[in-house]
Every structure is written in C-alpha cells, then in structure tokens.
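The following exercises invite the reader to examine one structure step by step. Each task is followed by a worked solution.

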Amino acid sequence: MTPAPTPIECGPLRMEFGAHVYLMGVLNVTPDSFSDGGRHFATETAIEAGLRMIGEGADILDVGGESTRPGSEGVPAEEELRRVIPVIEGLRRRTPVPISIDTQKAAVAETALRAGANMINDISALRDPRMGEVAARAGVPLVLMHMRGEPRTMQQGEIVYGDVTAEVAEFLSQAVERAVSCGVSRERVIVDPGIGFGKTVEHNLELIDRLGELKRLGRPVLVGPSRKTFIGKILDRPPGERLFGTAAAVAASVLRGADIVRVHDVCEMQQVARVALAVRRRRVGDR
Ligand code: HH2
C-alpha cells in the first residue's frame, strides 16, 4: 500500500491525507456552467454562496470564472478576471478558509493569488507555459487534471483509450514531472483524473473504481464527479436531480481513496464523505 502523501499547507489549512477527506465547494461565477450557471454570477450572490458552503463544511472554495462544460468556448482572461477577482477579494475579507482559483490561464491565477487565493486548480495541467512558474513562485498547492483535448471538443467523436486508467496515470505522472521541472515542489502537487473531461460513462466509472492505481503516483487525489453527465446518463436525470447519484459517486470515490472531493452540494456530500471515510479507515493500513 502506498503511504499517505505528506501534509500540504493551504493558507491556514493543513491538509493531512489518509485520515481526512477534504471538501472543495464549487463556486462558479459564470453565466453558463452546466449545473449552476448564472446562480452565482453577481459578486454579492457568489460571496454569500461561498460563505454558505463554508457554513456547511467546505474546507476549500474553488472559484471559477470560465465554464468548461463540454462544448464551451472559453472566455478571455479580462472577462474571467472581472468575474472572479471581486469574489475572491470579498471572500478574503470575510473568511480565512482557503480559496482555490479554477483557471487554465497563468495571468488569471497570478492575479487571483494576489487577491488572496491560496491554491491553483488547473484543469489543463500546465498547458499555459507560464502556469508552472506562477505556482512555483507563489509556493501554493497545484491541482493538475487529465483532460482529453479541450472543453469545446472533448466529448466529440469516438472517445477511445486502450486502458483509460493506465493512460490517465501516465499523463498525470508526466504532468507532475513537468510541474517539478518548473520549480513546483512535488509535495504541493495534487492529481485529478478529470471525470467527464473527454471520457465515456464507462471510462468515468472505471477511473473511480481504479482510483487506487492513481494513488500509486504518491500524490493526493482530487475527484470531481458532482452532478456530471455520466450520473445523468445512468439515471436519466437533469443536473438539478443528480444529488443522490452524486452521493453514490462521492462515496465510491472516497472508498477507493479520494483525498479531496469537489462538489456543489457541500452539506450533503460532507456527510457522505465522512461515512465513506469511516468505512475506508477500518481497512488495515489505511488509517
Ligand atoms: N470539473 C469541472 C471544473 N473544474 N476541476 C477539477 N480539478 N476537477 C474537476 O472534475 C472539475 C474541475 C466542471 O464542473 P463545474 O465547475 O461544475 O462546471 P463548469 O465547468 O460548467 O463550470
């Protein structure tokens, strides 16, 4: 069994893996996110929503200003900044809880860190050549996620992998090395299989089921199944009706070793995660 990764400091939060699962609350400051688009688009509404999630048990808030749902086009950095910076500043004034910036752009990450963010969540795993340098200089935790192609096209055409888990693990292993070569401390890197990013239902299920193989990279694993299409396809339900499906996916992810879960429904999922973790911790060597 791979030993638990060493703790990561994220703002005032010391993340101790193995004994805990951390809840990352999704705060999309976008008009078009697939499940909560428009709900938190106004700055004050977004801040209130973030504070509510903290009250419900969020350990980290993940603030994003660009939807990455399948088919989405992306927005310019100026627009992303206009959306997220006032929210990050407003939250920073009112809470010490760590804030993650969900962006693929180094310029957005840099400004967000200056505004008070404590972590970078890069779904493109350093496609922006400056991102590694920004993360290294700031000394913040960095999430690297696997994605096939880009959001606009990732679910188009036939999606084929030889062995999806092995390919995702190899991609993430190389991404970690790229980050390290940019000066990022290996101990601050978190990996994510990218549920729903260029994957079929079967691929997503397999990645959750074989999460243990990603743990062998020795880095904490973040999983983001919340309300996603694979749940909708299994249940034939729209995003607003995927709470129980999300709960099952979160429980399965935690049982298979997830260290951080990225969710919209913090109140419910922190209960799910805690119970699943209690079951997981009964296993010898996983305490
Ligand atoms: N999923 C989404 C966005 N960011 N980041 C990580 N690390 N892992 C994920 O699985 C992940 C992510 C997509 O979900 P959401 O933010 O709800 O939707 P949208 O991209 O439409 O804003």
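Two residues are in contact when heavy atoms of theirs lie within 4.5 Å. The model used throughout is predicted.

**Exercise 1.** Determine which residues of helix H3 are buried, and what covers them.

*Solution.* Step 1: locate helix H3, which comprises residues 106-115. Step 2: apply the cut-off for buried residues, under 20% relative accessible area. In H3, Ala106, Val108, Ala109, Ala112, Leu113 and Ala115 are buried. Step 3: look for the cover of these residues, which includes helix H2 (77-94), strand E5 (99-102), strand E6 (119-122) and helix H4 (131-138). Step 4: inspect what follows the helix. Gly116 comes after H3 and has a positive phi, near 125 degrees.

**Exercise 2.** Establish where Ala125 and Leu126 lie, and whether each is buried or exposed.

*Solution.* Step 1: Ala125 lies in the loop between E6 and H4, and Leu126 is found in the loop between E6 and H4 as well. Step 2: Ala125 has a relative accessible area of 0% and is therefore buried. Leu126, at 10% relative accessibility, also counts as buried. Step 3: consider the backbone. Most residues other than glycine have a negative phi. Ala125, however, has a positive phi of about 50 degrees, and phi of Leu126 is near 75 degrees.

**Exercise 3.** Describe the surroundings of Asp259.

*Solution.* Step 1: Asp259 is placed in the loop between helix H9 (243-255) and strand E10 (260-263). Step 2: its relative accessible area is 0%, so Asp259 is buried. Step 3: leaving aside residues up to four places away in sequence, Asp259 touches several residues, among them Phe17, His20, Tyr22, Arg219 and Val221. Step 4: for Val221, a polar contact can be specified, since its backbone nitrogen lies 2.8 Å from a polar atom of the Asp259 side chain.

**Exercise 4.** Identify how many residues surround the ligand, and how much of its area the protein buries.

*Solution.* Step 1: the ligand is surrounded by 19 residues, of which the closest are Ser33, Ser67, Thr68, Asp192 and Lys228. Step 2: examine polar side-chain atoms facing oxygen atoms of the ligand. The distance is 3.1 Å for Asn28, 2.7 Å for Ser67 and 2.9 Å for Arg262. Step 3: the ligand taken alone exposes 470 Å², and the protein buries 98% of that.

Note on methods:
Residues numbered from 1 in each chain as written. Predicted model: local features only at pLDDT ≥ 70, side-chain atom pairs only at ≥ 80, totals over all residues. Heavy atoms only, no water. Near = heavy atom within 4 Å. Polar contact = N/O pair within 3.5 Å; in protein donor to acceptor, adjacent residues only side chain to side chain. Areas by Shrake-Rupley, 256 points an atom, 1.4 Å probe, with all protein chains shown as cover. Helix = DSSP H or I, 4+ residues; strand = E, 2+ residues; numbered from the N terminus. Buried < 20%, exposed > 50% of the residue type's maximum accessible area, 1.4 Å probe, protein only.
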